[in-house]
Amino acid sequence: MAKMSMLEKLVVNSNLDYLFHKYFGISKLLKNISTPLNGSILEVGAGVGITTNFLANKFPNSSITAVDYDEKQVEIAKQKNLNPNVIFQQADATNLSFSEKSFDFCFAILVFHHVVDFPKAISEVYRVLKSNGKFYIYDIPAKTWNPFHRWVKLGQPGIFSKGEFIKLLEQAGFKILNVKSKLGFIIECYKI
């Protein structure tokens, strides 16, 4: 896994990112979840907690463990956090420190295109989810955006298409329930 560049952090830690998620990103994903989620939630790639706050507001009866690879992002998130149901900690998505079957649900919002070994991260999410645990993903197919990433030197992203990503989820053992896409994609799946 790689840390984000300063340019990426400037964008994802900004009010623009909050507004994006309020009207498009995570809010679009959350509109597709009609039943309340009660249980333990893992959020992979939480950054400074912008999307975590949306999750905490939508699912107040759940406990949320929000992880990010970048220690500085986690420290900022901890300082901003006012929700007692949320815990922030540093973790590598490709090597999660949680035991098997620890979580009922997992969210990954615009994360996997930052992870070079994203198949390993998918396997780790599968490992830490309980049986029938649901996994919600919102991401962009980095094959589409890869020239832009390389042009502005945003690091070495995970490179995949939507179809390749779905195939990797299925190979890891997930059952796909729902896929929606335009520029990005939203996937709902569960652990078989």
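These exercises work through the sheet, one helix, the salt bridges and some loop residues of a predicted model.

Residues are numbered from 1 along each chain as its sequence is written, and side-chain values use heavy atoms, with hydrogens and water left out. Because the model is predicted, local features need pLDDT of at least 70 and side-chain atom pairs count only at pLDDT 80 or more, while totals for chains, interfaces and linings use all residues.

**Exercise 1. Lay out the sheet and name its edge strands.**

Solution.
- Start with the terms. Helices (H or I, at least four residues) and strands (E, at least two) are DSSP runs, numbered from the N terminus. Two strands pair if DSSP finds at least two bridges between them.
- Write down the order. The sheet is open and has 7 strands, arranged S3-S2-S1-S4-S5-S7-S6. The pairing is mixed.
- Find the edges. Strand S3 (86-90) and strand S6 (174-181) each pair on one side only.
- Add the twist. From one strand to the next, it averages 15°. Axes are lines fitted to C-alpha atoms, for helices over the stretch in contact; angles run from 0 to 180 degrees between N-to-C directions.
- Recall the general rule. Strands of a sheet pair through backbone hydrogen bonds, either parallel or antiparallel.
- Check one pair. S6 and strand S7 (residues 185-191) run antiparallel and are joined by 7 bridges. Ser181 has Phe185 in S7 as its bridge partner.

**Exercise 2. Place helix H6 against the strands and list its buried residues.**

Solution.
- Locate the helix. H6 (residues 118-128) lies across strand S1 (40-44), strand S4 (103-109), strand S5 (129-139), S6 and S7. H6 runs at about 145° to S5.
- Apply the burial cut-offs. Buried means under 20% relative accessible area, exposed over 50%, and partly exposed in between (1.4 Å probe, protein chains only).
- List the residues. Phe118, Ala121, Ile122, Glu124, Val125, Tyr126 and Val128 are buried in H6.
- Find what they pack against. The partners are S1, S4, S5, helix H8 (162-172), S6 and S7. Contact means heavy atoms within 4.5 Å.

**Exercise 3. Examine the salt bridges within helices H5 and H6.**

Solution.
- Set the criterion. A salt bridge is a side-chain nitrogen of Lys or Arg within 4 Å of a carboxyl oxygen of Asp or Glu. The whole structure holds 5.
- Take H5. Lys78 and Glu75 form a salt bridge at 3.8 Å, N to O. They are 3 residues apart in the helix, so about one helical turn separates them. Lys78 is partly exposed at 42%. Glu75 is partly exposed too, at 41%.
- Take H6. Arg127 bridges to Glu124, with the closest N and O atoms 3.0 Å apart. Here again the spacing is 3 residues, about one helical turn. Arg127 is partly exposed at 22%, whereas Glu124 is buried at 7%.
- Extend the pair. Lys120, Glu124 and Arg127 are linked in a network of salt bridges.
- Relate this to helix geometry. An α-helix has 3.6 residues a turn, so residues three or four places apart point the same way.

**Exercise 4. Describe the surroundings of Glu188.**

Solution.
- Place the residue. Glu188 lies in strand S7. At 14% relative accessibility, Glu188 counts as buried.
- Find the charged partner. The side chains of Glu188 and Lys134 meet in a salt bridge (3.1 Å, N to O). This pair links distant parts of the chain: Lys134 is in strand S5, 54 residues from Glu188. Lys134 is partly exposed, at 26%.
- List the contacts. Leaving out residues up to four places away in sequence, Glu188 touches Lys134, Phe135, Tyr136, Lys175, Ile176, Leu177 and Asn178.

**Exercise 5. Characterise the loop residues Asp70, Lys101 and Leu110.**

Solution.
- Asp70 sits in the loop between strand S2 (63-68) and helix H5 (71-80). Asp70 is buried, at 4% relative accessibility. Its C-alpha atom is separated by 7.9 Å from that of Met4, 66 residues apart along the chain.
- Lys101 is in the loop between S3 and S4. Its phi is positive, near 55°. Lys101 is partly exposed, at 46%.
- Leu110 is in the loop between S4 and H6. Its phi is also positive, about 50°.
- Compare with the general rule. Most residues other than glycine have a negative phi.
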